Amino acid sequence: MAENTIVLGMADLMVIRAPIKLVTLGLGSCIGLVVYDSTAKVAGMAHIMLPNSRGLMGSEKVGKFADTAVPALIDAMEKQGAVKSRIKAKLAGGAQMFALPGMSADFLTVGAKNVTETKKRLSLLRIALIASDTGGNKGRTIEFSTSNWMLKVKTLGKGVSEI
Amino acid sequence: MSDMASFTERQLDAIKEVGNIGTGNAATALSGLLARMIHMDVPETELVSIYELAEHYGDPMKIVGAVFVRSLGGFQCSLIFIQDEEDAKLMVELLLKQQFGTFIPVDEIPQEMTDSALTEVGNIVLSSFLNAINMLLGTQHQISVPGVAHDMLSSILDVVASIYGQMGETALLVNTELSAEGLEEGRKISGHIILIPDPDSLELLLRKLKVL
């Protein structure tokens, strides 16, 4: 069956029913988190920008921060009929685009912090993280297929891999 | 200064003037380096949604070459010199031709060498930009060693989103374009300088310019 494609932008969070392909373009330090329940045929994706909302959530998008995006995504999955114990997660992104020798700044290593916080939030909710492709210094474009539940990761100069 | 939307016209104009002075100095430096006339745009002060940064600057999937520096001191900020990958290649070729007198296609040069040339150009352009601003503000500054990346525009601009995303949903950027003309076959080399003031530095900037 042909899959329609939905492209998620920065801080977007979305849950869909198969068959739909979920895509996020050009992740740098941001995270593309995919969760799915292959039995209920429900999947979701979040394009996470920063690790922690530090309680500063105003009217901002819930998908922006790892600490708010992960619970919101799982919640939305359950509302669509997913069963929490069956939900699996895949993760890509969290690169460090620039390294400045001899200089440390929080925003330069935000990618690694995004990965750590997302993993922590998943484990707090007891969601199994079954595959990930994170870190490095290259951007990633990701496509999640709900026909085979595979996450395609395209990296400049490194080609395509499926996790 | 956490609410970026609250700037007045007059304040945005003053920030633009700072960009103008920086750009002038950067254009002079680039002109000396490439031995070409440099055309400079009047800089824009832009308030951009952090969710739409890449779209704002072009095709998010476009491959670009970017040099990034951090400036510490009185006026803390980050700066990016960003070029379409093709323009970056042309520029490196032009630079090497000037140095060695013979044309070498960039694809035959090891990546480390082209990166090193690119980093050096970015460093000179961005340092000149910063020197002019700090002179104007009467502030001291130190510039980091530059970092270089070749990647999708959208991935590169994540760094801007992660600076401003901590504070809110809008980034204040000063954006300008420099281009070298007088190349063979009417070709043109362009580059954007994007100034990303630390949100905390904006207040100092406005105070120094007497518009706060």
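Okay, let's start in a loop: A:P19 sits between β2 (13–17) and β3 (20–27) of chain A. The peptide bond joining A:A18 to A:P19 is cis, with omega at about 0°. Before I go on, keep in mind that this is a predicted model, and everything I say today is about that model.

Next, the strand I'd like to spend some time on, β4 of chain A. How many of the seven residues of strand β4 are buried? Seven of the seven, across residues 31–37, so the rest of the structure largely encloses this strand. Now, in a regular strand the side chains alternate between the two faces of the sheet. Here, A:I31, A:L33, A:V35 and A:D37 point one way, while A:G32, A:V34 and A:Y36 point the other way, and all of them are buried. Yes, that list of buried residues includes A:D37.

Who are the neighbours? On the one hand there's β5 of chain A, residues 42–48, which pairs with β4(A) in the antiparallel sense over seven bridges. If you want a residue to find the register, take A:I31, whose bridge partner in β5(A) is A:I48. On the other hand there's β6 of chain A, residues 88–93, also antiparallel to β4(A), over six bridges. For the register there, look at A:V34, which stands opposite A:K90 in β6(A).

Let's go back to β5 for a moment. β4(A) and β5(A) make a hairpin with four residues between them. In that turn you'll find A:K41, which has a positive phi of about 55° even though it isn't a glycine. At 47% relative accessibility, A:K41 counts as partly exposed.

There's another non-glycine with a positive phi to show you, A:R126, again at about 55°. A:R126 is in the loop between α2 (110–124) and β7 (128–134) of chain A. Buried or exposed, then, for A:R126? Exposed, at 75% relative accessibility.

Okay, aromatics. Searching the whole structure gives five aromatic pairs over all chains. The one I picked takes us back to β4: the ring centres of A:Y36 and A:W149 are 5.3 Å apart and the planes are at 15°, so this pair counts as stacked. Where do the two residues lie? A:Y36 is in strand β4 of chain A, and A:W149 is in the loop between β8 (140–144) and β9 (151–155) of chain A, so the pair ties together parts that are 113 residues apart in sequence. Both A:Y36 and A:W149 are buried. Bring in A:F144 and you have one aromatic cluster, made of A:Y36, A:F144 and A:W149.

A quick stop at helix α1 of chain A, residues 66–79, which is where A:T68 is found. A:T68 is buried, with a relative accessible area of 17%. What does the side chain of A:T68 reach? The backbone oxygen of A:V62, at 2.9 Å.

Now for the two chains together. The contact involves 32 residues of chain A and 31 residues of chain B. Between them, about 2500 Å² is buried, and carbon and sulfur atoms give 67% of that area. Which residues of chain A lose the most area to chain B? They are A:M10, A:F98 and A:F107, together 26% of what that side buries. One cross-chain detail I like: A:K61 lies over the face of B:Y51, at 4.6 Å from the ring centre.

Last part, chain B. B:I193 is in strand β8 of chain B, residues 189–197, and it's buried, with a relative accessible area of 0%. Leaving out residues up to four places away in sequence, B:I193 touches a whole list, including B:A26, B:L79, B:F81, B:V125, B:F129, B:V174 and B:L178. As for B:V67, the C-alpha atoms of B:I193 and B:V67 are 9.6 Å apart, with their positions 126 residues apart in sequence.

And then B:M113, from helix α4 of chain B, residues 111–137. At 45% relative accessibility, B:M113 counts as partly exposed. B:M113 and B:L178 are 65 residues apart along the chain, and their C-alpha atoms are separated by 23 Å.

Okay, that's my tour. Over to you.

Key
Residues are numbered from 1 along each chain as its sequence is written. Chains are lettered from A and ligands numbered from 1 in the order in which they are written. This is a predicted model: local features need pLDDT of at least 70, side-chain atom pairs count only at pLDDT 80 or more; totals for chains, interfaces and linings use all residues. Side-chain values use heavy atoms; hydrogens and water are left out. Buried means under 20% relative accessible area, exposed over 50%, partly exposed in between (1.4 Å probe, protein chains only). Two strands pair if DSSP finds at least two bridges between them. A polar contact is a pair of N or O atoms within 3.5 Å; within protein, one must be able to donate a hydrogen and the other to accept it, and residues adjacent in sequence count only if both atoms are side-chain atoms. Rings of Phe, Tyr and Trp (its six-membered ring) pair if their centres lie within 6.5 Å; planes under 30 degrees apart count as stacked, over 60 as edge-to-face and the rest as tilted. A charge sits over a ring if NZ of Lys or CZ of Arg is within 6 Å of the ring centre and within 35 degrees of the ring normal. Contact means heavy atoms within 4.5 Å. Buried area is the accessible area (1.4 Å probe) that two parts lose on being put together, summed over both.
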